[in-house]
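Let's walk through how the ligand is held here, and then look at the pockets around it. Keep the structure open as you read.

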Amino acid sequence: MAKLMVANWKMNGNQAKIVQDITEYISNQLTNSADIVLAFPSPYLVIASNLLLQSPVKLASQDVSKFDGFGAFTGEVSATMLKDCGVSYTIVGHSERRMNNDETGSILLAKINNLLTNNITPIFCIGEAKRIRENGKHLDFLVEQLELLTQVTGKFDELVIAYEPIWSIGTGLIPTVLQITEVVNLIQAFVQNYLSCAKIRILYGGSVSGQNAASILEIPLIGGVLVGGASLKVDEFTTICSYR
Ligand code: PGA
């Protein structure tokens, strides 16, 4: 299965940069593929979707409301609306949202169910803080985060789980191959034992760069990468995509 390369722009960029970057990605052999996913801030999703109409590149949102459909929920953007804007994937459970927006398990569960109802694939993020790893409790902690998926009522056609250790996000610190392998094996075993889905891809995220992507993508069972900072540079993200 081809690797899935996801660009998480976070709260960065503007219209001009998005138009310019997408134009480059479309004309570039390495980045014009169905397994490339670009997650832009929500105001730009429609522009991006229109630019990507003829391209196999997929669009992601960085969040979705816990409410679905339409209604009196000021400021919320539903999965129904995201689907209408051409969104195929949505990042859920990113540590920045868990921490900054107090996103608890029940909120994440509602979001995942709404996405599945609307045929949008969740990119479910898990990851431990530095202190938890130092205390040797990271595997227990990650299993606890994964357990949420057993409560999902919708059906996963494709399941994407991103392992993003919090201590690695934006820090330049990368876990060792052994550390990533341990977690990837844990996720794989959990999915096999407790979940049913046709297709699963396990991503690694956290300080992925053009320099370290090749060694991460060589790890067996790694199905791709979730890239933050480095995805804002077209050349660097293109280099990362070249390792698929
Ligand atoms: P980073 O972010 O690549 O800048 O570390 C990754 C992420 O938060 O998804």
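A polar side-chain atom of H94 comes within 2.7 Å of a ligand oxygen, which fits a polar contact (a pair of N or O atoms within 3.5 Å). The backbone joins in too: an N or O atom of G170 lies 2.7 Å from an oxygen atom of the ligand, and a polar backbone atom of S207 is 2.7 Å from a ligand oxygen. On its own the ligand would expose 280 Å², and the protein buries 95% of that (accessible area by Shrake-Rupley, 1.4 Å probe).

Bear in mind that this is a predicted model, where local features need pLDDT of at least 70, side-chain atom pairs count only at pLDDT 80 or more, and totals for chains, interfaces and linings use all residues. Residues are numbered from 1 along each chain as its sequence is written, and side-chain values use heavy atoms, with hydrogens and water left out.

Step back, and 13 residues surround the ligand, with K10, H94, E164, G170 and S207 the closest (a heavy atom within 4 Å). That shell has three nonpolar, eight polar and two charged residues, with Gly counted as polar.

Where does the ligand sit? It's in the second largest pocket (more than half of its atoms within 2 Å of the grid points). A pocket is an open set of points on a 1 Å grid over the protein atoms alone, where a 1.4 Å probe fits, with protein on both sides within 12 Å along at least five of seven lines; lining residues have an atom within 4 Å of a point. This one holds about 180 Å³ of space (the volume filled by probe spheres set on the points). Of its 18 lining residues, K10, G170, S207, G228 and G229 are closest to the centre.

Methods. A polar contact is a pair of N or O atoms within 3.5 Å; within protein, one must be able to donate a hydrogen and the other to accept it, and residues adjacent in sequence count only if both atoms are side-chain atoms.
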